[in-house]
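Reader: I am new to this structure and would like to go through parts of it with you. May I ask short questions as we proceed?

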Amino acid sequence: MTPFELLEPTTMADAIALLDPDDPTTRPCAGGTALMLMMKAGVFQPTRLISLGKIEKRFCRIADDADGDLCIGAMTTLSAVEHSAVVARRAPVIVRTMQRLSNVRVRNVATIGGGLAHADPHMDLPPVLIALGAHVEVAGPDGVRTIAVENLFAGYFETVLRRDELITALMVPGQAARRAAYLKCTTRAVHDWPALGVAVSVDPVEAAPARIVISAATEKPLRLAGAEAVLRGGIDEAALRRAGDAAADEAQTISDGQGSAAYKRALVRVYVRRALAAALDGAR
């Protein structure tokens, strides 16, 4: 790795002040699990890293309220989320997803905010959060703004965040009677990058629209509005098959090391139906 300057601010405000919007070689570092790999491979050569490891501990908190809304600080590690009783009660699909996300060494270090800002389309958590209707709070020199996770990703490894902004918290709304499921298809071990990830959320009580989101097979997590529309007339086995067909027609899949675009479209057809069935089974 090339030499770089390491700064360790103790407040979020100081960290934001150190960011340089005009310098792409200045980068914040949370857990650093992905960033270090990129640096070792020579893909990214920073001149300055701003470590967030010493900022206020309130950015590592997990809390909920009487309405069921869940707040997770951006510096919370994936392991802390995985073992949180609060998360298990309010959004159990997140805990189930964590158990097959990467490996325990990575989960002990990687953070919620850092993973979202990294924007790797193969990550497991973004489609789940989109299906849950989550949003992030983002702080910058101009103050705080809120961005739906659905709108956070701009493309392959790209977000809508400015270079002088940091994610400070993840907010997951109360799910009431909604039930969610996440399935992924990997070509190797269960914790490896998936060829396809599918997250769904359904409400078996109210006639609320289902949410269907895919990732890994596309350049960024993608919500499938056409497949969701198929389910508005009611959910039965035939509707699940039609939703899978609509999802395969709608998804603009890409080819990569995990499989061809055609292979991934075939996966979409099967896994959307399976994920919806899994969510409904959980509701029952």
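Reader: Where is Thr-218 found?

Author: In this predicted model, Thr-218 is in the loop that runs between strand 13 (211-215) and strand 14 (222-223).

Reader: Is Thr-218 buried or exposed?

Author: Thr-218 has a relative accessible area of 3%. Buried means under 20%, so Thr-218 counts as buried.

Reader: What is Thr-218 in contact with, neighbours within four places in sequence aside?

Author: With those neighbours left out, Thr-218 is in contact with Pro-121, Gln-252, Thr-253 and Ile-254. In addition, the side chain of Thr-218 reaches the backbone oxygen of Lys-220 at 2.7 Å.

Reader: And what separates the C-alpha atoms of Thr-218 and Lys-264?

Author: Their C-alpha atoms are separated by 9.1 Å, while the two residues are 46 residues apart along the chain.

Reader: Let us turn to the sheet. In what order do the five strands of the open sheet come?

Author: The order is 4-5-10-6-7, with antiparallel pairing.

Reader: Which strands stand at the edges?

Author: Strand 4 (62-64) and strand 7 (143-148) do. Each has a single partner strand, so one side of each is left without a neighbour in the sheet. From one strand to the next, the twist averages 20 degrees.

Reader: How many bridges join strand 6 to strand 7?

Author: Strand 6 (residues 135-140) is joined to strand 7 by six bridges, and the two run antiparallel. Glu-137 stands opposite Thr-146 of strand 7.

Reader: Where does Glu-165 lie?

Author: Glu-165 lies in the loop between strand 9 (158-159) and strand 10 (166-172). Its relative accessibility is 5%, so Glu-165 counts as buried.

Reader: Which side chain makes a polar contact with that of Glu-165 at 2.8 Å?

Author: The side chain of Arg-145 does, at 2.8 Å. The side chain of Arg-162 also makes a polar contact with the Glu-165 side chain, at 2.9 Å. Beyond neighbours within four places in sequence, the residues in contact with Glu-165 include Leu-19, Val-138 and Ala-139.

Reader: A change of topic: how many aromatic pairs does the structure hold?

Author: It holds one aromatic pair. Tyr-156 and Phe-157 form it in an edge-to-face arrangement, 5.1 Å centre to centre and with 75 degrees between the planes. Tyr-156 is partly exposed at 38% relative accessible area, and Phe-157 is partly exposed at 36%.

Reader: Lastly, which ring does the charged end of Arg-27 sit over?

Author: The charged end of Arg-27 sits over the ring of Phe-44, 4.1 Å from its centre. Arg-274 lies over the face of Tyr-271, at 5.2 Å from the ring centre.

Definitions and conventions:
Residues are numbered from 1 along each chain as its sequence is written. This is a predicted model: local features need pLDDT of at least 70, side-chain atom pairs count only at pLDDT 80 or more; totals for chains, interfaces and linings use all residues. Side-chain values use heavy atoms; hydrogens and water are left out. Two strands pair if DSSP finds at least two bridges between them. Helices (H or I, at least four residues) and strands (E, at least two) are DSSP runs, numbered from the N terminus. Axes are lines fitted to C-alpha atoms, for helices over the stretch in contact, and angles run from 0 to 180 degrees between N-to-C directions. Buried means under 20% relative accessible area, exposed over 50%, partly exposed in between (1.4 Å probe, protein chains only). A polar contact is a pair of N or O atoms within 3.5 Å; within protein, one must be able to donate a hydrogen and the other to accept it, and residues adjacent in sequence count only if both atoms are side-chain atoms. Contact means heavy atoms within 4.5 Å. Rings of Phe, Tyr and Trp (its six-membered ring) pair if their centres lie within 6.5 Å; planes under 30 degrees apart count as stacked, over 60 as edge-to-face and the rest as tilted. A charge sits over a ring if NZ of Lys or CZ of Arg is within 6 Å of the ring centre and within 35 degrees of the ring normal.
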